[in-house]
Amino acid sequence: MTVALPREKVRTRLSDAASGLLYLSPSIVLFGVFLVYPLLRTIYLSFFRTDTQGTPLEFVGVGHYSTLFTSAAFWQSIQATVGFVLLTVPLTILIALGLALLANEKLKGMGIFRTAFSATMGMSVAASSVIWMFMYNPSIGIFNRFLEAVGASGVQWLLDPQYALLSVSLATVWMNIGFTFLILLGGLQNIDRTLYESADIAGTSYWTQLRAITIPMLSPTLFFVGIISLINAFQTFGQIDLLTKGGPTNATNVIVYAIYKDAFINYNVGSASAQAVLLFIAVLLLTWLQFKLVERKVHYQ
Amino acid sequence: MRLRNISVYVLLVLCAVVMLFPIAYAFSISLMDGKEVLQGHLLPREPSLENYVAAFERIPMMTYLLNSLIVALLVMIGQVVLSSLAAFAFVFIDFKGKGLIFMLFLATMMVPWEATMVPNFLTIQSLGWLNSVWGLSVPFFALAFGTFLLRQQFKTIPYEMYEASQIAGISRFRFFCNVVLPVSKTPIVTLSVYSFLTTWNMYLWPLLVTNTEQARTVQIGIKQMQSNEVASDWGVVMAAVILIIIPTLVLLFAGQKHLQEGLTQGAIK
């Protein structure tokens, strides 16, 4: 092997930018085609009246936005989305945290329990929804059979506007526990064991340690999980499509389902685009919040 | 101390039973005949695999499974290749504007995919990729999370090794293939498991870009089944559910440790 000549070194340096871009180009091209372009196109289309194929016909300014803000259906979908977020996110994190604390105990056979608690991460939304749909079945599902067994009357879980959002949320909490559990368990395992050892020597109780060591040390992971769950909840679609189709009376018509219906069933691409832009802004704000919190965490350390 | 351990075990078992109940219930239903399902039994009197046979005979389950497998493998390979190439450039190649491009990569994570689905659908349509594995896979090849994950790993490789290889006249691409990739097996496995799981379980996009039996993935197949079949065929539907969750459950259990470490890294660093 020959020693590199100075001339070649210069050439290498000159070509650094070119070769760097070469390595990045597949990602850059695909991001451009399937992320940047469609995002700009969505913003653009939100200012136009379009035909069913999404071809812009007439500039309408903020027309779609002002129509949305005065439409009861839009506020209903915001209400459903917020309700869904509030019903799913805190409960999922609380249950997953409890499971992670249990599974972080140093006991024999823990691997089996960790596997069991993370199982729903491997389950698709479609498969899980079908199972829950059966469990919610008014005549043969397990929930109503249980109610009947204790002498109560059955509930139309997915058809009663009072229960539908709650039912879909409960199913979603179950679906999301696996992922949330795995991340929180990882966070718990990263906490320095010596902190607990000195606390043990000092004779502090489990609950004091939980409050004084575990929760503060876990807080960055909790924030992360919180924001990810929030963003995911805003993007919910599958379980709505399978369980309720946005009904009854739009009680579960969350934002992504509303966008889907507007764009692909009503062919109202302009209005769907305006809603998509609003969704984008909401997620942007949440992500920005996350970065702010991470920044604060770094400053504190 | 003894008592405490026993109560922890009791809690663990209770929680595991509740968490696994829906899966076990679905499995139990999948072994029942139609009459028994309607009677609302918890366990089958005479378990039979009839429903599994029916799932393959009455619906194109095999086609769905194959489609999902091909698409998930394509996305997995695409994401690993593109993410590792990009991560390599971010770590080992110096050029102007690298920091800015990296920030832009991270910024793509802020765009909810649903906000771009309408133009993406139109793009795929104009490419003639509706009902094709390309339309189902190519839009997902570039992945900021994957690039970020692999970049973290590549940064732990000593830069001196790279300089030494340059002086020895080894090309960049050979260094990438022969040194960087082999020492990064763990995060690559993590990323692969993550890619496969998320793609196999994808729902909204396949719903938009497939409308023929030949092109559907398992997730859309099961939606079709559930909306077409009458309630008395729940046994067959549940058999299909069990069939489509087995590959991902096996993968999850095999790759759980990797996945947990990888995802936590993303959370903490």
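Is A:Asn190 buried, exposed or partly exposed, going by its C-beta neighbours inside 10 Å? I counted 16 such neighbours, and A:Asn190 therefore goes down as partly exposed. Note to self: this is a predicted model.

**Entry 1: A:Asn190**

I looked up where A:Asn190 sits, and the place is the loop between helix H7 (164-189) and helix H8 (193-201) of chain A. I then checked A:Asn190 against A:Leu218, which is 28 residues away along the chain, and got a C-alpha separation of 8.8 Å.

**Entry 2: a helix pair in chain A**

Reminder on how to log these: two packed helices are described by the angle between their axes and the distance between the axes. For helix H3 (residues 72-103) and helix H9 (residues 206-234) of chain A, I have an angle of about 145° and axes 9 Å apart. I noted the crossing of H3(A) and H9(A) as right-handed.

Next I pulled the residues that meet. H3(A) brings A:Thr81, A:Phe84, A:Val85, A:Thr88, A:Val89, A:Thr92 and A:Ile93. On the other side, H9(A) brings A:Val225, A:Gly226, A:Ser229, A:Leu230, A:Ala233 and A:Phe234. Sorted by class, this contact of H3(A) with H9(A) has eight nonpolar residues, five polar ones and no charged ones.

**Entry 3: positive phi**

Most residues other than glycine have a negative phi. I wrote down two residues that go the other way.

A:Tyr267 has phi near 55°, a positive value, and is not a glycine. I found A:Tyr267 in the loop between helix H11 (255-264) and helix H12 (269-300) of chain A. With 13 other C-beta atoms within 10 Å, A:Tyr267 is partly exposed.

B:Asn131 has a positive phi of about 60°, and again the residue is not a glycine. B:Asn131 is placed in the loop between helix H6 (117-126) and helix H7 (133-137) of chain B. I got 16 C-beta neighbours inside 10 Å, so B:Asn131 counts as partly exposed.

**Entry 4: B:Ile124**

I stayed around there and checked B:Ile124, which is in helix H6 of chain B. Buried or exposed? B:Ile124 has 22 C-beta neighbours inside 10 Å and so counts as buried. Leaving aside neighbours within four places in sequence, B:Ile124 is in contact with B:Trp129, B:Leu130, B:Gly135 and B:Val209. I also took the C-alpha separation to one of these contacts: B:Gly135 is eleven residues along the chain from B:Ile124, at 5.9 Å.

**Entry 5: B:Met32**

B:Met32 belongs to the loop between helix H1 (2-30) and helix H2 (34-39) of chain B. I counted 24 other C-beta atoms within 10 Å, so B:Met32 is buried. Not counting residues up to four places away in sequence, B:Met32 touches B:Val37, B:His41, B:Pro44 and B:Gly235. For another reference point I tried B:Ala254, which is 222 residues from B:Met32 in sequence and 30 Å away in space, C-alpha to C-alpha.

**Entry 6: H10 and H11 of chain B**

I ran a quick length check on helix H10 (residues 172-183) of chain B. At 1.5 Å a residue, its twelve residues should span 16 Å, and the end C-alpha atoms are 16 Å apart, which agrees. The buried residues of H10(B) are B:Arg172, B:Phe175 and B:Val180. Looking down the axis of H10(B), I see these buried residues fall within an arc of 60°, so they line one face of the helix. The face turned away from that buried side carries the exposed residues B:Arg174, B:Cys177, B:Asn178 and B:Pro182.

I put helix H11 (residues 185-200) of chain B through the check too: its 16 residues reach 22 Å from first C-alpha to last, close to the 22 Å expected. The buried residues of H11(B) include B:Pro187, B:Ile188, B:Leu191, B:Tyr194, B:Phe196 and B:Trp200.

From B:Leu191 I looked across to B:Ile77, 114 residues apart along the chain, and the C-alpha atoms are separated by 10.0 Å. B:Ile77 lies in helix H4 (residues 61-92) of chain B. With 14 other C-beta atoms within 10 Å, B:Ile77 is partly exposed.

**Entry 7: where the chains touch**

How many residues does the contact take from chain B and from chain A? I have 75 residues from chain B and 75 residues from chain A. Helix H14 (residues 234-268) of chain B gives the most to the chain B side, with 18 residues. By class, that side of chain B divides into 53 nonpolar, 15 polar and seven charged residues.

Methods:
Residues numbered from 1 in each chain as written. Chains lettered and ligands numbered in written order. Predicted model: local features only at pLDDT ≥ 70, side-chain atom pairs only at ≥ 80, totals over all residues. Helix = DSSP H or I, 4+ residues; strand = E, 2+ residues; numbered from the N terminus. Expected span 1.5 Å × (residues − 1). Buried ≥ 20, exposed ≤ 12 C-beta atoms within 10 Å, placed from the backbone. Arc of directions from axis to C-beta. Contact = placed C-beta atoms within 7 Å. Nonpolar A, V, L, I, M, F, W, Y, C, P; charged D, E, K, R; others polar. Axes fitted to C-alpha atoms, helices over the stretch in contact; angles between N-to-C directions. Left-handed = near helix turned anticlockwise from the far one by under 90°.
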